Amino acid sequence: MKLKGKVALVTGAAQGIGRAVALLLARNGADIVVSDINLEKAEETAREIELIGPKAMAVKLDVANFNDVERMVGGILEKFGKIDILVNNAGITRDKLILRMTEEDWMWFSMSI
């Protein structure tokens, strides 16, 4: 229970690596904000965390949308009063060969570096 009293926000926490990280943090006592673009799966993960013991909050979040992020942080601060741990697991990829990239893909890629 090394993390008891801490609040962890994990993006992309509904499945895969993010889910595993959220569950590990919960097993160590942290309350968890499970954020993901898939709210239904985020809620499933949050229920599993609460069975472990800590508090959990599921939030629908598109990490590429500033308004979503701002709204989520406000909700976290309202419920928990703080964020101690941030795991930026969610992301997007545009895996394409350079020869197949559109100009829009290229601009997005170059702006994100």
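**A tour from strand 2 outward**

Select strand 2: Asp 31, Val 33 and Ser 35 point one way, Ile 32, Val 34 and Asp 36 point the other, and all are buried. In a regular strand the side chains alternate between the two faces of the sheet. Keep in mind that this is a predicted model. Strand 2 covers residues 31-36, and 6 of its 6 residues are buried.

Next, add strand 1, residues 7-11. It runs parallel to strand 2, joined by 5 bridges. Find Val 10; Val 34 of strand 2 stands opposite. Now trace the chain between these strands. It passes through helix 1, residues 16-27, in a right-handed β-α-β crossover.

Turn to strand 3, residues 56-60. Again 5 bridges join it to strand 2, and the two run parallel. Here Ser 35 stands opposite Val 59. The route from strand 2 to strand 3 goes through helix 2, residues 39-52, and this β-α-β crossover is also right-handed.

Now show the side chains of the largest nonpolar core, which has 16 residues. Ala 8, Val 10, Ala 22, Leu 25, Ile 32, Val 34 and Ile 49 touch the most other members. Strand 1, helix 1, strand 2 and helix 2 each give two or more residues. Helix 1 gives the most, with 4.

Which residues does Ile 49 touch, leaving out those up to four places away in sequence? Select Ala 22, Leu 23, Ala 26, Ile 32, Val 34, Pro 54, Lys 55 and Ala 56.

Last stop: another core, of 9 residues, lies apart from the largest one. Val 33, Met 57, Leu 61 and Ile 76 are among its members.

Notes:
Residues are numbered from 1 along each chain as its sequence is written. This is a predicted model: local features need pLDDT of at least 70, side-chain atom pairs count only at pLDDT 80 or more; totals for chains, interfaces and linings use all residues. Side-chain values use heavy atoms; hydrogens and water are left out. Buried means under 20% relative accessible area, exposed over 50%, partly exposed in between (1.4 Å probe, protein chains only). Two strands pair if DSSP finds at least two bridges between them. A crossover is right-handed if, with the strands pointing away from the viewer, the path from the first strand over the helix to the second runs clockwise. A nonpolar core is a set of buried Ala, Val, Leu, Ile, Met, Phe, Trp, Tyr and Cys residues joined through side-chain atoms within 4.5 Å. Contact means heavy atoms within 4.5 Å.
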